[in-house]
Amino acid sequence: TCPDCGGAAERETDTFDTFMESSWYYARYTSPGARDAVDKRGNYWLPVDQYIGGIEHAILHLMYFRFYHKLLRDARMVDSNEPARNLLCQGMVIAETYYRPNPDGSKDWINPADVEVQRDERGRITGATLIADGQPVVVGGTEKMSKSKNNGVDPQAMVDKYGADTVRLFSMFAAPPEQSLEWNEAGVDGMARFLRRLWAQVQKHAADGAAPALDVAALDANQKALRRKTHETIGKVGDDYGRRHSFNTAIAAVMELMNALAKFEDGSAQGRAVRQEALQAIVLLLNPITPHASHALWQVLGHGETLLEDQPFPQADAGALVRDALTHPYLAGHGYACVRVDMRGNGDSDGLMLDEYSEQELQDADDVIAWLAAQPWSTGRVGMMGISWGGFNGLQVAARQPKGLDAVITLCSTDDRYSD
């Protein structure tokens, strides 16, 4: 009965704000069927490895999320102090808006799919008309996709036109995950062309028959260069996926490898072997984003039908990353013939006694380290460990490269300035 009037009543039990439930559901998921909110299984699964949420959740929800977890901890229902180990606040999808003003000052917002846009030679919008009547509409600018602005784009229309892999590839390539993504059909079309190029490359390669086994010792300079590019790409994409969560730069690296393949005109046995390795790497590297195309191309490359998720993710071969000689304009003008970089070096030097070298020698070493860090194949995380006399008439620099690999960089002298 109602406590106020004494009439028949039903007590309202749904009294919590929605933030209340969304602040702890992750913990309940770890303990399905438990009589209590969370049981001992929570400590096995928690904290969450990776939290991905929209930027609009970056204040209130995350504050409640953390508060509730600490409440669970204080109630001894979980042992961890924080609900998640890593946080990624993804950006929003934005698109152009179009409208027609009403006499009362309100606006009728028109969906982009119903508008024909005019652009100048630089691709900038110069006007727009409603497809239904051919009359002009006002371009309202680029804003977050929303029902109120009627600027949402149904991805199914793009999937029907281009395929799910293409739309997914565009979504990953258009912007870093933490930034806003501007929806652009021209960009989707560009990704479709890229996948068609990859498809054509694989088909053309497979049409010549099975590639022979790779013999690393028999490779010439051009074959080594392409193989080095392949393994540089493998290393970068693996790091972009796993550590940086930078999917757009991972895709860009694969595109660069594709460009290198397009310029590689070597039909010899080892040329085809190197190409086979590169194409297999591309298919596996793209598989998390374009699984349908990758699954089909893997079979075209001579493999049986299988789940690519069961295949090991490519690993960079440190031996393939060796660069025999590199050109450095500054050093070439200061008495050096080349810079020799050996990624397989162990970084050892003759005591690392830097005070034995002149200021000019140390400056030369600093210059080559800075140059190495700026190379497109470097992550930039290069620091000088020390310098020593080279094995042949040159100043040697021991530098640390990522993932524990050492590089020994030798400045090869054209005169006797560093000879013994």
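**Exercise 1. Valine 188**

Task: In this predicted model, find which helix holds valine 188, and decide whether the residue is buried or exposed.

Solution:
- Step 1. Look along the chain to helix H7, which covers residues 185–207; valine 188 lies there.
- Step 2. Read the relative accessibility of valine 188, which is 0%.
- Step 3. Buried means under 20%, so valine 188 counts as buried.
- Step 4. For a sense of distance, turn to phenylalanine 173: valine 188 is 15 residues from phenylalanine 173 in sequence, and their C-alpha atoms are 9.7 Å apart in space.

**Exercise 2. A salt bridge inside one helix**

Task: Work out where aspartate 240 and lysine 236 sit relative to each other in helix H8, and what links their side chains.

Solution:
- Step 1. Start with a general idea: side chains of opposite charge can pair when their charged atoms come close.
- Step 2. Check the gap between the closest N and O atoms of aspartate 240 and lysine 236, which is 3.2 Å.
- Step 3. The cut-off for a salt bridge is within 4 Å, so this pair qualifies.
- Step 4. Now place the two residues: they are 4 residues apart in helix H8 (residues 221–244), a separation of about one helical turn.
- Step 5. Compare their surroundings. Aspartate 240 is buried at 1% relative accessible area, whereas lysine 236 is partly exposed at 33%.

**Exercise 3. A salt bridge between a loop and a helix**

Task: Explain what the contact between glutamate 82 and lysine 70 ties together.

Solution:
- Step 1. The side chains of glutamate 82 and lysine 70 meet in a salt bridge, with 3.3 Å from N to O.
- Step 2. Lysine 70 belongs to helix H4 (60–74), while glutamate 82 is in the loop between helix H4 and strand S2 (84–90), so the pair ties together parts that are 12 residues apart in sequence.
- Step 3. Both partners are partly exposed: glutamate 82 has a relative accessible area of 28%, and lysine 70 has 25%.

How many salt bridges does the model have by this rule? The count comes to 18.

For extra practice, try glutamate 143 and lysine 149. Their closest N and O atoms are 3.8 Å apart, and they form a salt bridge. Glutamate 143 is partly exposed at 30%, and lysine 149 is partly exposed at 21%.

**Exercise 4. Patches on the surface**

Task: Name the residues that gather in a patch of negative charge, and those that make a nonpolar surface patch.

Solution:
- Step 1. For the negative charge, pick out Glu10, Glu12, Asp14 and Glu21, which gather on the surface.
- Step 2. Look at one of these, aspartate 14: its place is in the segment before helix H1 (18–22), and it is exposed at 62% relative accessible area.
- Step 3. For the nonpolar patch, pick out Ile59, Leu60, Met63 and Tyr64, which make an area of about 390 Å².
- Step 4. Isoleucine 59 is in the loop between S1 and H4 and counts as exposed at 62%.

**Exercise 5. A pair of strands**

Task: Describe how strands S3 and S4 are joined.

Solution:
- Step 1. Strand S3 covers residues 93–101 and strand S4 covers residues 107–110; the two run antiparallel and are joined by 4 bridges.
- Step 2. Find arginine 100, which stands opposite aspartate 108 in S4.
- Step 3. Follow the hairpin of S3 and S4, which has 5 residues between the strands; glycine 105 takes a positive phi near 95° in this hairpin.

**Exercise 6. Backbone angles**

Task: Find what is notable in the backbone at proline 47, arginine 76 and histidine 245.

Solution:
- Step 1. Keep the background in mind: most residues other than glycine have a negative phi, and most peptide bonds are trans.
- Step 2. The peptide bond from leucine 46 to proline 47 is cis, with omega near 0°. Proline 47 is in the loop between helix H3 (41–45) and strand S1 (48–54).
- Step 3. Arginine 76 has a positive phi, near 60°. Arginine 76 sits in the loop between H4 and S2 and is exposed at 78%.
- Step 4. Histidine 245 also has a positive phi, near 55°. Histidine 245 is in the loop between H8 and helix H9 (247–263) and is partly exposed at 22%.

Notes: Residues numbered from 1 in each chain as written. Predicted model: local features only at pLDDT ≥ 70, side-chain atom pairs only at ≥ 80, totals over all residues. Heavy atoms only, no water. Buried < 20%, exposed > 50% of the residue type's maximum accessible area, 1.4 Å probe, protein only. Patch = residues over 30% accessible without salt bridge, like charges linked within 9 Å, V, L, I, M, F, W, Y side chains within 5 Å. Areas by Shrake-Rupley, 256 points an atom, 1.4 Å probe, with all protein chains shown as cover. Lys, Arg positive; Asp, Glu negative; His and termini not counted. Charge placed at Lys NZ, Arg CZ, Asp CG, Glu CD. Pairing = 2+ DSSP bridges.
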